Amino acid sequence: FANGDQYLVIHEQDQKLGFGRYTSFSGDTYLGEQADQQANGDGICVFPNGHRFIGTFQQGLRYGHGIRYHTDGTIIVGRWINDRIVENYLQIRNCTG
C-alpha cells in the first residue's frame, strides 16, 4: 500500500474472505482470518510495544472474547467491543519476589 502497509492473504475461490497477514505502517502485525482486507474472525495481533492480543476481530477491531498479553507479564482475559474491553473476566499480574 502507498502508506507502507503490507498485506498478504490467501483467498478461496476468488472470495474476499481468507486467511492473511497484515503489517501496518505503525508496526502492528495481524495474522488470522480476514474479510475485505480487514481483520475479521479469529486472529493474533502483535503491537510494536510487544503486547499481544489473541481473540476475535470485527472490521479490523478487537470484538468479542480474547486474551491480551502485556510485556510486563500481565494477562487480561475479557470481552472487547470496538477495540475497548467491556468485561474483564480475569486479570493476572506478574508477581516477583
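**Aromatic rings, a pocket and the surroundings of Val-77**

The charged end of Arg-52 is placed over the ring of Tyr-69, at 4.9 Å from the centre of that ring. A second arrangement of this kind involves Arg-62, whose charged end sits over the ring of Phe-53, 5.5 Å from its centre. These values, like those that follow, were computed from a predicted model.

Aromatic rings also meet one another, and three aromatic pairs are present in the structure. A pair of aromatic rings is described by the distance of the centres and the angle of the planes. For Tyr-30 and Phe-57, the ring centres lie 4.9 Å apart and the planes stand at 75°, and because planes over 60 degrees apart count as edge-to-face, the pair is edge-to-face. Since Tyr-30 belongs to strand S3 and Phe-57 to strand S5, which spans residues 52-58, the pair ties together parts that are 27 residues apart in sequence. Both of these residues, Tyr-30 and Phe-57, are buried.

Phe-53 and Trp-80 likewise form an edge-to-face aromatic pair, with 4.7 Å from centre to centre and 75° between the planes. Here Phe-53 lies in strand S5 and Trp-80 in strand S7 (residues 75-81), so that this pair, too, ties together parts that are 27 residues apart in sequence. Phe-53 is buried, and Trp-80 is buried as well. Through ring pairs, Tyr-30, Phe-53, Phe-57 and Trp-80 are linked into a cluster.

Tyr-30 is also part of the lining of the largest pocket, where Tyr-30, Tyr-22, Ala-39, Cys-45 and Gly-60 are the residues nearest the centre among the 18 that line this pocket. The elements that contribute two or more residues to this lining are strand S2 (17-23), strand S3 (29-35) and strand S4 (38-46). By residue type, the lining of the largest pocket consists of seven nonpolar, seven polar and four charged residues, and the space within the pocket amounts to about 300 Å³.

Val-77 is located in strand S7. Because a residue counts as partly exposed when its relative accessible area falls between 20% and 50%, Val-77, with a value of 24%, is partly exposed. When neighbours within four places in sequence are left aside, Val-77 is in contact with Gly-66, Ile-67, Glu-87, Asn-88, Tyr-89 and Leu-90. The C-alpha atom of Val-77 is separated by 9.8 Å from that of Phe-53, a residue 24 places away along the chain.

How values were computed:
Residues are numbered from 1 along each chain as its sequence is written. This is a predicted model: local features need pLDDT of at least 70, side-chain atom pairs count only at pLDDT 80 or more; totals for chains, interfaces and linings use all residues. Side-chain values use heavy atoms; hydrogens and water are left out. On a 1 Å grid over the protein atoms alone, a cavity is a set of points where a 1.4 Å probe fits but cannot get out, and a pocket is an open set with protein on both sides within 12 Å along at least five of seven lines; lining residues have an atom within 4 Å of a point. Grid points are joined across faces, edges and corners, and a volume is the space filled by probe spheres set on the points. Helices (H or I, at least four residues) and strands (E, at least two) are DSSP runs, numbered from the N terminus. Ala, Val, Leu, Ile, Met, Phe, Trp, Tyr, Cys and Pro count as nonpolar, Asp, Glu, Lys and Arg as charged, and the others, Gly among them, as polar. Rings of Phe, Tyr and Trp (its six-membered ring) pair if their centres lie within 6.5 Å; planes under 30 degrees apart count as stacked, over 60 as edge-to-face and the rest as tilted. Buried means under 20% relative accessible area, exposed over 50%, partly exposed in between (1.4 Å probe, protein chains only). A charge sits over a ring if NZ of Lys or CZ of Arg is within 6 Å of the ring centre and within 35 degrees of the ring normal. Contact means heavy atoms within 4.5 Å.
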